[in-house]
Amino acid sequence: MTGTAAPFAADDYRARMERAARSAAEAGLAGLLVAPGPDLVWLTGYAPTAVTERLTLLVLAPGQDPVLVVPTLEAPDAAKAAGASALTLRDWTDGKDPYAATAALLGTDGRFGISDNAWAMHLLGLQKALPGTSYASLTEALPMLRAVKDTAELELLAAAGAAADATFEEIRKVPFGGRRESEVAADLAGLLRRFGHAQVDFTIVASGPNGANPHHEVGDRVIERGDMVVLDFGGLKDGYGSDTSRTVHVGEPTEEERRVHDLVRAAQEAGFRAVRPGVPCQEVDRAARAVIADAGYGEHFIHRTGHGIGVTTHEPPYMIEGEEQPHVPGMCFSVEPGVYLPGRFGVRIEDIVTVTEDGGRRLNDTTREMVIVD
């Protein structure tokens with residue numbers, strides 16, 4: 001993970017680590033093991049310059065002070081992390097066994113949560129050192145660990161959303177017709193950076209028939225007059241994510257194109273209206289999907305309605321059938337239904353939404369009406 005970590009203080013990271021340890025105990029875990037990646041950044045503010053084969057691992061356990069096991073040559077950088085004063089650094093030198101050093105911090109048995117992006121070689125090394133232990137991914141064991149944002153996090157997400165909105169307001173002014181998708185995508189990336197993003201994660205520009213592929217890879221197709229163009233873009237600003245989609249049209253659309261766009265807009269509104277505390281996440285998907293299915297396009301809505309967002313642009317919770325996790329104030333996620341007609345065009349409209357005490361609040365405010373571009 002790259003990008004600038006959000007400006008939180010050591011006490012913020014201490015509180016997060018304490019909460020994570022408590023959550024682990026409540027889930028019946030002996031502790032948490034956190035490798036470099038978004039979980040480590042969120043818990044400690046530490047993002048190694050380069051992730052290598054050398055073991056770096058945060059150990060959190062109820063009743064114990066947090067310990068970050070880190071290679072000796074990386075210890076000086078780890079000591080500079082915003083949350084470093086809230087934990088103990090335990091370094092190991094090349095030639096020593098990092099798994100033995102880590103095992104000394106753990107019990108000889110028990111089930112531990114381990115971050116999803118931990119390397120297999122490290123997990124296997126721990127299992128060899130502690131054959132009586134077992135492990136579960138954090139997404140499985142504590143899916144809501146980072147899901148509920150505090151006030152400062154919500155402010156950062158709102159600022160990232162505003163930067164993405166400013167990007168859309170500018171991109172709609174540039175020429176589309178006669179230019180390659182890759183050129184418009186480069187414009188999007190430049191605008192995201194101009195409005196404060198340190199990291200651009202994706203800039204989808206899917207024109208004409210390419211719009212029927214929700215995750216179209218930008219290519220050299222020349223955008224033509226009469227094309228519908230799906231724009232989906234985002235990244236990290238001050239360590240927190242943006243992600244928004246709007247669908248524009250080059251020149252005047254046909255009646256069918258307007259009808260499908262209006263349908264997706266109505267579905268997106270229905271999904272947003274379903275957001276409120278206590279409502280299961282799947283109800284957002286059901287509400288949006290019902291609008292599209294009732295209009296006869298159900299088979300053309302081919303993905304979930306939304307995903308969480310925070311220090312990464314995709315994380316739990318997910319707005320999908322079967323997800324019964326109830327909404328909690330402070331959760332943030334996308335609401336992004338779409339209709340995809342193979343060989344013809346696609347439409348997607350996406351906002352980031354946060355759960356409030358009595359409903360939901362959008363963090364994207366650009367128009368959801370059909371936008372005509374040149």
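**Strands 8 and 9, and a sheet of six strands**

Strand 8, residues 228-237, pairs with strand 9 in the antiparallel sense, and 10 bridges link the two. The model described here is a predicted one. One place to look along this pair is Asp232, which stands opposite Ser245 of strand 9. The two strands form a hairpin, with 2 residues between them. Asp238 lies in that turn and has a positive phi of about 50°.

Next to the turn is Lys237, which belongs to strand 8. Is Lys237 buried or exposed? Its relative accessibility is 15%, and buried means under 20%, so Lys237 counts as buried. The side chain of Lys237 makes a polar contact of 3.3 Å with the side chain of Asp238. Leaving aside residues up to four places away in sequence, Lys237 touches Ala159, Ala160, Ala163, Phe195, Gly196, His197 and Ala198.

Now follow strand 9, which covers residues 240-250. How many of its residues are buried? The count is 11 of 11, so the strand is mostly covered under the cut-off of 20% relative accessible area. Both faces of the strand are covered. On one side the buried residues are Tyr240, Ser242, Thr244, Arg246, Val248 and Val250. On the other side they are Gly241, Asp243, Ser245, Thr247 and His249.

Strand 9 also pairs with strand 17, which consists of residues 371-373. These two strands run parallel and are joined by 3 bridges. Here Val250 stands opposite Val373 of strand 17.

Another part of the model to examine is an open sheet of 6 strands. Its strands come in the order 4-3-2-1-5-6, and their pairing is mixed. Why do strand 4 (88-92) and strand 6 (132-137) each have one side without a neighbour in the sheet? They stand at the edges, and each has a single partner strand, so one side of each is left without a neighbour. On average, neighbouring strands of this sheet are turned by 25° against each other, with direction ignored.

Within the sheet, strand 1 (residues 31-34) and strand 2 (residues 57-60) pair in the antiparallel sense over 3 bridges. Leu32 has Leu60, in strand 2, as its bridge partner. Helix 5, made of residues 120-129, lies across strand 1, strand 2, strand 5 (109-114) and strand 6. The helix runs at about 155° to strand 6.

Technical notes
Residues numbered from 1 in each chain as written. Predicted model: local features only at pLDDT ≥ 70, side-chain atom pairs only at ≥ 80, totals over all residues. Heavy atoms only, no water. Buried < 20%, exposed > 50% of the residue type's maximum accessible area, 1.4 Å probe, protein only. Helix = DSSP H or I, 4+ residues; strand = E, 2+ residues; numbered from the N terminus. Pairing = 2+ DSSP bridges. Axes fitted to C-alpha atoms, helices over the stretch in contact; angles between N-to-C directions. Contact = heavy atoms within 4.5 Å. Polar contact = N/O pair within 3.5 Å; in protein donor to acceptor, adjacent residues only side chain to side chain.
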